[in-house]
Amino acid sequence: MPLHPRSRVSSVSGLIALAVLAACGGRNGNQANQAAGGGWAGGDVVSLMQARGLAEKDVVAALKTYTPTGKHDEYYTFASGGHGGNLIVIGVPSMRILKYVGVFTPEPWQGYGYGDQSGDVLRAVKKGGNEITWADMHHPAFSETGGDYDGKYIFVNDKCNPRVAVVDLSDFCTKQIVGSDLIASEHGATFVTPDTDYVVETSQYPAPLGGVYAPIEEFDARYRGAMIFWKFDKQKGRIVEAESFAIELPPYMQDLADCGKKVSDGWVYCNSINTERAYGGILEGKPPLESGATQNDMDYLHCIHWRQAEAVVKAGKTETIAGMRTIRLQTAIDENLLAFVPQPKSPHGCDVTPDGTAIVVGGKLDTHTTVYDALKIAAQMAAKKSVGKDPYGVPILDYQGSIFGQCEIGLGPLHTVFDDKGFAYTSVFIETVVAKWSLKDLKVVQKIDTHFNIGHLVAAEGDTVSPDGRYLIAMNKWALDRFAPVGPLLPQNFQLIDIGGPTMTLLYDMPLPLGEPHNAQMIKADKLKPIDVYKPAGIDPITHQVDKDAVELGKERIERKNDGVHVWMTAVRSHFSPDIVRVKEGDVVHLHVTNVEQAHDATHGLAIGGQNINVSLEPGKHCNIVFTANKAGVYPFYCTEFCSALHLEMAGYLLVEPK
Ligand code: K7E
Ligand code: CUA
C-alpha cells in the first residue's frame, strides 16, 4: 500500500465535519494551503471551501446533491421541453440531464423524424394540411394505477396545435401522437384519471368547434371550448381515438385541469379565465384582451362528472364534430354532469389534494389560494342545488358552500403540489417564492425565495395519492443574474429545494436552455424498468414486434421490386452489410436495417449524405427508411456513433448511377 504523504482524516464525514467546523470559524487550519492563482493547492475540504468562497450551507447542499460516478439518482424528473417540443429527463438530486426524448420535434440524436418509421409518429397529426415540427409543451403526466404513478407511460401536450403524445417508458420513445380539430388550442392537458382510463385535454382559446370559420362578432353564439377525454388502452399502450369523446363548454378560457382521486374519483376540475368573453380589438376601439378579460371579480371552476359523461356517451347522446363524439353543452347541463363554482379573479392552477377531498386553485390577481371541497360540490350537484346559471344555462353552485376556505399566500399564487406530511407548496409568481402551508389550518408556515418568478413547481410524486416529500423543483421563468451571461435570451432556472425537513432549503440551480418547460413530474427511480436492448434483434420500436423486414446476419441482400430497390442491411461492429448499394437515379430506395447486436450500449447510427437521413440503431433495433435517390452521385454513408476502434471504418457507399 502506498503511504500517504501526510496523515488524513479517514472518513468522509469526519473530513466534512472538520471542514465545516473550520469554515465556520471554529478553527482555521490550513490557511497556508489556500488555493493561489485559481489552483487547488492543498486539495483538502477546508482549503477548497475557502478558495471557492463556500459557506457551510453550500457544502451541505453539495453533499445532498453530489452523486459520485456510477451512483444513480433516487428520482427521475420528466420536464416538459416547452418550445423544444421534447421531454427532458433529469436525475434528482444530482440534476444531471439523462436524456432528451423527441416528441413533437425531430430529435437528431435519437434519429427521431430523420428517415425511419418514427417520422410517421411525428407527422401523424397535420393541422390544415401543414406539418408541425415544434410544440408548446406544458404539462407531462405519468400513467397512473390507483392514483399512483405506475412508471409505464408519460403523456404530454401541445398547447399551440392541440395534440397529445404517448411516450413509452420501457424505451423512452414516443409511440403515438393524436390530435383533434374539434379545438383550436388547448392548455388543460395532459391530466390522467386515476387508472389512466382517459387522458384529459382541454381547450384554452375559444373558437368555433371543428375548425370552421365564424366572425368574431359571433363569439358568444358560435365560439366554444371543449374538454376531450382521450381513451387510453393500457394493454396496448395507445390512445384509442374511436373510443374517445369530448364535452362542449362555454367560450371561456378553460385553463388548468386536474382529475379527482379517491373520494373525488370520477370527477375532473378545470379553472377558467375570461368569463367576460373578451376577444380584444385594440385597433377597433375595444379594450385589449387582457383588460377585457379581467373585469369580473369571479371566474368559474368547472366541475365535470366524467363517469357520468361516459354513460351519456354510451347512451349515444353525442354529436360527432371533426370526428370526435361530442356531448353538446345543453346535453351536459340536462344530464347534470357540469357545474360551475365561482373562483376569485383570473385564477391559475388547479390541483387536487392527495386524498382527493380538495381542489386548490391559485389566483394570479388575488393573494389567496382557494381550497374547494370536492364532496360539498358533489352533494350540491346531486341535489341539483344551484344559486344561478351562467349565460349558457350552466348551474352555478354557492361559493361559500363549496369551499373549505382560503389561504393567504402572497402576490400571485399559481400552482400547488403536496408532500407526505399534510403540507401544500404553492408557487407565487409575483412575490417569487415557494409558500409552504398547512392543509389543516390553511396557514403559511414558510416561504423560500426563488430566482426568479416561479411558474410551476414539482414535488417527488407530489401529484399522486401518496407524495414522498423529499424534493421539490421550482421552475423559474427568469434567471437574471444566476448564471454567466449568454445574451438577451436567458435560460430557465430549475431550483432544487429540500423539503424533507421542517424547513425548506435551496440545494441547487440548474439552467435549462431549451424552451420554457412549464411543468414537470417527478417519479421514484425504481418505478421505471427500462429495457437495455431491443430483444430479440429486429424489433420495430414503434410496434415492439420483430419487423417483417428484420434482417439476420448472413441474410443481407439487395432486390429490385416494383416499388423500388429494397436493401436488407445489418449493422454490427464495425461494418454495414452490404457496404456498397448501387441504384439508378430516380429509384425509390427501401432500406431495411437491423442492428443485430445485443450488447448493452452497442449503438450504431446510420447517416446518408444529401438525403437528410440519420437514424439511431440501438442494439436490436430495426429501422425502415424510404427515400428517392433523386440525384446521380456518390453518397458515402457511415456510422454516427463512436462504437468501436474501427468506428471510422464503419462506412459504405450509395452509388446513384445517372439514368
Ligand atoms: Cu402555469 Cu401552462 Cu401550467 Cu405555464 S402553465 S407556468
Ligand atoms: Cu458503428 Cu460507429
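In this predicted model, Arg123 is partly exposed, with a relative accessible area of 29%, and its side chain meets that of Glu131 in a salt bridge with a nitrogen-to-oxygen distance of 2.9 Å. Glu131 is likewise partly exposed, its relative accessible area being 43%. A second salt bridge is formed between the side chains of Glu218 and Arg222, where the distance from N to O is 3.0 Å; Glu218 counts as partly exposed at 31% relative accessibility, and Arg222 counts as partly exposed at 38%. A further pair, Arg557 and Glu559, is joined through the side chains at 3.4 Å, again from N to O. Of these two residues, Arg557 has a relative accessibility of 37% and is counted as partly exposed, while Glu559, with a relative accessible area of 33%, is also partly exposed. Beyond such pairs, Arg224, Glu248, Glu319 and Arg328 are joined into one network by salt bridges that share partners. The count of salt bridges comes to 33.

The cysteines were examined for covalent links of another kind. A disulfide is a covalent bond between the sulfur atoms of two cysteines, and a search of the whole structure finds zero disulfides. For Cys259, the closest cysteine sulfur is that of Cys350, at 9.5 Å, which is too far for a bond, because a disulfide requires the two sulfur atoms to lie within 2.5 Å. For Cys407, the closest cysteine sulfur also belongs to Cys350, here at 17 Å, and this distance too is too far for a bond. Cys259 is buried, with a relative accessible area of 2%, and Cys407 is buried as well, with a value of 0%.

Ligand 1 is surrounded by a shell made up of His138, His139, His187, Leu256, His348, His415, Gly455, His456, Lys477 and His518. When these shell residues are divided by character, one is nonpolar, eight are polar and one is charged. The nonpolar member is Leu256 and the charged member is Lys477, while the histidines of the shell and Gly455 fall among the polar residues.

On the surface, Ile580, Val634 and Tyr653 together make a nonpolar patch of about 290 Å². Val634, one of the residues in this patch, is found in strand 43, which spans residues 633-638, and with a relative accessible area of 57% Val634 is exposed.

Several features of the backbone were also noted. Most residues other than glycine have a negative phi, and most peptide bonds are trans. Against this background, the peptide bond from His451 to Phe452 is cis, with omega near -5°. Phe452 lies in the loop that runs between strand 27 (444-449) and strand 28 (454-460). A cis peptide bond also joins Lys535 and Pro536, with an omega of about -5°, and Pro536 is placed in the loop between strand 32 (520-524) and strand 33 (539-540).

Positive phi values are found in Asn274 and in Ser346. In Asn274, a residue other than glycine, phi is near 50°. The position of Asn274 is in the loop between strand 13 (267-273) and helix 6 (289-292), and Asn274 is buried, with a relative accessible area of 1%. Ser346, although not a glycine, has a positive phi of about 45°; Ser346 belongs to the loop between strand 17 (338-344) and strand 18 (347-352), and at 4% relative accessibility it counts as buried.

A contrast between separation in sequence and separation in space is given by Asn86 and Val156, which are 70 residues apart in sequence and 9.1 Å apart in space, from C-alpha to C-alpha. Asn86 is located in strand 2, comprising residues 86-92, and is buried, with a relative accessible area of 8%.

Key. Residues numbered from 1 in each chain as written. Chains lettered and ligands numbered in written order. Predicted model: local features only at pLDDT ≥ 70, side-chain atom pairs only at ≥ 80, totals over all residues. Heavy atoms only, no water. Near = heavy atom within 4 Å. Patch = residues over 30% accessible without salt bridge, like charges linked within 9 Å, V, L, I, M, F, W, Y side chains within 5 Å. Areas by Shrake-Rupley, 256 points an atom, 1.4 Å probe, with all protein chains shown as cover. Salt bridge = Lys/Arg side-chain N within 4 Å of Asp/Glu carboxyl O. Helix = DSSP H or I, 4+ residues; strand = E, 2+ residues; numbered from the N terminus. Buried < 20%, exposed > 50% of the residue type's maximum accessible area, 1.4 Å probe, protein only.
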